[in-house]
Amino acid sequence: MSHRLWTIAVLGLLPFSVCAADIPKEGTVNFTAFWVMTSLNVMQQGNRAFATYELEGITRTDAGAPMFDSFGQRCMGLAELVDNKLQDILGTCSFTDRDGDHIFMPYSGKGDGKGGDNGTFKLVGGTGKFTGITGTAEYSNPGLPIKADDKALRGVVPHKVSWKLP
């Protein structure tokens with residue numbers, strides 16, 4: 001009986017080891033992040049505004065590659081607006097795979113004058129299989145808001161990321 005339980009336990013762990021083995025040591029991938037803003041605080045000062053926010057979402061790779069596919073996303077950031085136009089944006093994200101391992105990615109960007117922003121991420125480390133990861137990413141947010149009944153801000157943002165694992 002204990003042999004049967006041991007076999008079931010090993011078979012139950014196989015999908016996790018296969019996922020880790022499928023992640024290449026380095027590469028480039030395009031993915032799209034789908035998020036909802038869960039917190040927004042704004043301080044207005046004449047024609048200027050300063051906003052802090054938190055958002056959560058998921059990712060999907062464009063070609064089905066395992067890196068950044070179906071990862072959870074949590075970001076915190078701040079933005080400066082002048083005359084309701086985004087100027088600068090700064091924040092950090094944690095992307096979490098199905099095993100619970102994280103990739104840490106601070107970012108910065110500039111408003112594009114049309115309601116969106118463009119910027120860059122730096123991959124500065126992670127946990128588990130992503131410990132020591134480095135790299136860069138570019139994103140282009142076409143603009144807000146995506147409308148919904150609950151009035152929460154939403155985004156669909158394409159990214160291109162290059163990474164290297166030790």
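This report walks through the fold, the nonpolar core and one buried acidic residue of the structure above.

The model is a predicted one. The chain contains one helix and nine strands, and in sequence order these follow the pattern α-β-β-β-β-β-β-β-β-β. Of its 166 residues, 33% count as buried. Here are two further values for the chain as a whole.

| Property of the chain | Value |
|---|---|
| Accessible surface | about 9,800 Å² |
| Share of that surface belonging to carbon and sulfur atoms | 59% |

Contacts reach well along the sequence too: among those between residues at least 6 apart, 49% join residues at least 24 apart.

Now for the inside. In soluble globular proteins, nonpolar side chains tend to be buried together. Here, the largest nonpolar core has 29 residues, and Met 67, Phe 68 and Ile 103 touch the most other members. Eight strands, S1 to S6 together with S8 and S9, each supply at least two residues of this core. The largest share, five residues, comes from S1. Beyond its neighbours within four places in sequence, Ile 103 is in contact with a set of residues including Met 67, Phe 68, Phe 95, Leu 123, Phe 130 and Ile 133.

Asp 117 is worth a look as well. This residue lies in strand S6. Which side chain of opposite charge is nearest to Asp 117? That is Lys 110, 11 Å away, and the buried Asp 117 has no salt bridge. Its side chain does have a polar contact of 2.5 Å with the side chain of Tyr 139. Setting aside neighbours within four places in sequence, the residues in contact with Asp 117 include Leu 86, Ile 89, Ser 140 and Asn 141.

Definitions and conventions
Residues are numbered from 1 along each chain as its sequence is written. This is a predicted model: local features need pLDDT of at least 70, side-chain atom pairs count only at pLDDT 80 or more; totals for chains, interfaces and linings use all residues. Side-chain values use heavy atoms; hydrogens and water are left out. A nonpolar core is a set of buried Ala, Val, Leu, Ile, Met, Phe, Trp, Tyr and Cys residues joined through side-chain atoms within 4.5 Å. Buried means under 20% relative accessible area, exposed over 50%, partly exposed in between (1.4 Å probe, protein chains only). Helices (H or I, at least four residues) and strands (E, at least two) are DSSP runs, numbered from the N terminus. Contact means heavy atoms within 4.5 Å. Accessible areas come from the Shrake-Rupley method with a 1.4 Å probe; for residues, only the protein chains shown count as cover. Lys and Arg count as positive and Asp and Glu as negative; His and the chain ends are not counted. A salt bridge is a side-chain nitrogen of Lys or Arg within 4 Å of a carboxyl oxygen of Asp or Glu. A polar contact is a pair of N or O atoms within 3.5 Å; within protein, one must be able to donate a hydrogen and the other to accept it, and residues adjacent in sequence count only if both atoms are side-chain atoms.
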